[in-house]
Amino acid sequence: MACSQTASGFRCFTALRSRRGLTSVARAAAGPTAAYVHLPFCKRKCFYCDFPVEAVGLNTEKPRTQDRMQAYVDLVCAEVKATRSLTDAPLTTVSFGGGTPSLVPPQLLESILSALQQQFGIAAGAEVSIEADPGTFDLQRLLQYKALGVTRVSMGVQSFQEDLLKACGRSHSLADVYAAIEAVTATGLPSWSLDLISGLPGLSLQGWQHSLQQAVAAGPDHISVYDLQVEEGTPFARWFSGEGSPLPKEPEAVAMFEAASATLTAAGYEHYEISNYAKPGHRSKHNQVYWQCQPYYAFGLGAASYTRGRRFSRPRGMQEYEAWVKRFVQGGAGCPAAELPVESKEEQLLDVIMLSLRLSDGLALQQLQQQYGQETVAALLPTIQGFLQQGLMQVLPCDAEDVQQAGDAIVPGLSGSSGTVEVDADAAYMQLCDRLQRGKDVSVRLTDPAGFLLSNDVISELFAQLDSRTLSKAV
């Protein structure tokens, strides 16, 4: 399984897991132009996986398995066709996650894309991405996907060490990995991504650096790096809960995060989100929908949608999902969970802070002030000043004037958009306040890697400044 809609977070860095989006309330109120489709089939379930999946065995060509896939795709298409379009704008991103979507035959993927096209429209140039595991596709299958409109493949490699692939219960081998890289490179797709997992049992820093170097050598346009999070109910949770666990300790996990940041940025990748790196122009457009709190449709087993200010997760059990789809189709409402309450402005504010600070673009304070009031930003500023002084935050200027004013001092504080210009933290804080007073754009971001590593602590401390009185005024 590659990185699905709700990819695992960091065990020690991001316990506040990013399953939600950020920024503008206006964006949340707009109509969705993104769709996530969950395809749950896997050859077998990995030992760390807690996603809603259905293991079908190593022989995926068996008639029973193919019939099962057909029945599920029919169910998803029924859900798509019963969902009312909430905007005149077509879809600009479609993401197939799982599970292992690359197990699904091209003709079934075509059925889903046709249903989406008919119901919502798919824009020319839309990002259509599919998760794919080594050993589940060849060049011919990828070319068939490409002919259907797929523009991006996200490959779940996870490790370049054979023993770790086996230790995780992955169904592919290292030979499958290299064959998959060769195939995806030969397709000429506009963009492709490679996933790695750090913190695996028995993984050393040296082994991790080897995987990073191999990932860079493969030449993907995007690399996602996740630290293993052991989830309740998984084999890893049963095996590694006591003393003597082979999982790397926190200092080793920190060193692995720092190694990823150093290695990948040196190779020309932008560290644009805590777990994600991209070459220029290759950020994941679909994932940015989540991080920017834009609405999105979702379809399939366990899939979570965000429409009309309401978040709704479909049943995770196949029988329960099938029964839900039947009720939804028969009900004719056209909008799932219409009876649920709209997400409160207080919840939106906390999402903005949490997820903005996962991104290198940072937290836009002027926008925050416009949407949630001056008292909200005023409550955060003293804590932000402290984090600037500790080197955990930087101020992002939005025009050349600020970069020029920063001068040549080399002290943490201010980060320039065309390189890094660092100034005294107190001077950066004064410039931040000045811009706010003049109504000009200004953002703060976590430093890389120090601030990213302590993101939980930073975000929790900012949350603590928003007492009930401040939150009530923000709402």
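Me: Is His 271 buried or exposed in this model?
Reply: The model is predicted. His 271 lies in strand 9, residues 270-273. Its relative accessible area is 5%. Buried means under 20%, so His 271 is buried.

Me: Which side chain makes a polar contact with the side chain of His 271?
Reply: The side chain of His 271 reaches the backbone oxygen of Glu 273 at 3.2 Å. That partner is a backbone atom. A side-chain to side-chain polar contact of 2.7 Å is also present. Its partner is Asp 448.

Me: Which residues are in contact with His 271, leaving aside neighbours within four places in sequence?
Reply: Asp 448, the partner at 2.7 Å, is one of them. Ser 360 and Phe 452 are also among them. The others are Phe 257, Ser 261, Thr 265, Asn 276 and Tyr 277.

Me: How far apart in space are His 271 and Ala 260, C-alpha to C-alpha?
Reply: In sequence, His 271 and Ala 260 are eleven residues apart. In space, their C-alpha atoms are separated by 9.6 Å.

Me: Why is strand 7 described as largely enclosed by the rest of the structure?
Reply: Strand 7 covers residues 191-198. On one side, Ser 191, Ser 193, Asp 195 and Ile 197 are buried. On the other, Trp 192, Leu 194, Leu 196 and Ser 198 are buried too. Strand 7 is largely enclosed because the buried residues number eight of the eight.

Me: Which residue of strand 8 is the bridge partner of Ser 193?
Reply: Strand 7 pairs in parallel with strand 6, residues 152-158, over six bridges. There, Ser 154 stands opposite Ser 193. Strand 7 also runs parallel to strand 8, residues 222-227, with six bridges joining them. In strand 8, the partner of Ser 193 is His 222.

Me: What is the handedness of the β-α-β crossover from strand 7 to strand 8?
Reply: The chain leaves strand 7 and passes through helix 7, residues 205-218. It then enters strand 8. This crossover is right-handed.

Me: Which helix gives the largest share of the largest nonpolar core?
Reply: The largest nonpolar core has 82 residues. Those with the most contacts inside it are Phe 96, Leu 116, Phe 160, Leu 194, Trp 208 and Phe 299. The largest share is seven residues, from helix 2 (residues 63-82).

Me: Which residues of strand 7 are in contact with Phe 160?
Reply: Neighbours within four places in sequence are left aside. The contacts of Phe 160 then include Leu 174, Val 177, Tyr 178 and Ile 181. His 210, Ser 211, Gln 214 and Ala 215 are also among them. From strand 7 come Leu 194 and Leu 196.

Me: In the open sheet of three strands, which are the edge strands?
Reply: The order is 14-16-15, with antiparallel pairing. Strand 14 pairs with strand 16, residues 443-446, over two bridges. In that pairing, Leu 363 has Val 444 as its bridge partner. Pairing on one side only are strand 14 (363-364) and strand 15 (393-396).

Me: What share of the residues of the protein count as buried?
Reply: The protein has 19 helices and 16 strands. It exposes about 18900 Å², and carbon and sulfur atoms supply 50% of that area. Of its 475 residues, the buried share is 56%.

Terms used:
Residues numbered from 1 in each chain as written. Predicted model: local features only at pLDDT ≥ 70, side-chain atom pairs only at ≥ 80, totals over all residues. Heavy atoms only, no water. Pairing = 2+ DSSP bridges. Helix = DSSP H or I, 4+ residues; strand = E, 2+ residues; numbered from the N terminus. Core = buried A, V, L, I, M, F, W, Y, C linked by side-chain atoms within 4.5 Å. Buried < 20%, exposed > 50% of the residue type's maximum accessible area, 1.4 Å probe, protein only. Contact = heavy atoms within 4.5 Å. Right-handed = clockwise from strand over helix to strand, strands pointing away. Polar contact = N/O pair within 3.5 Å; in protein donor to acceptor, adjacent residues only side chain to side chain. Areas by Shrake-Rupley, 256 points an atom, 1.4 Å probe, with all protein chains shown as cover.
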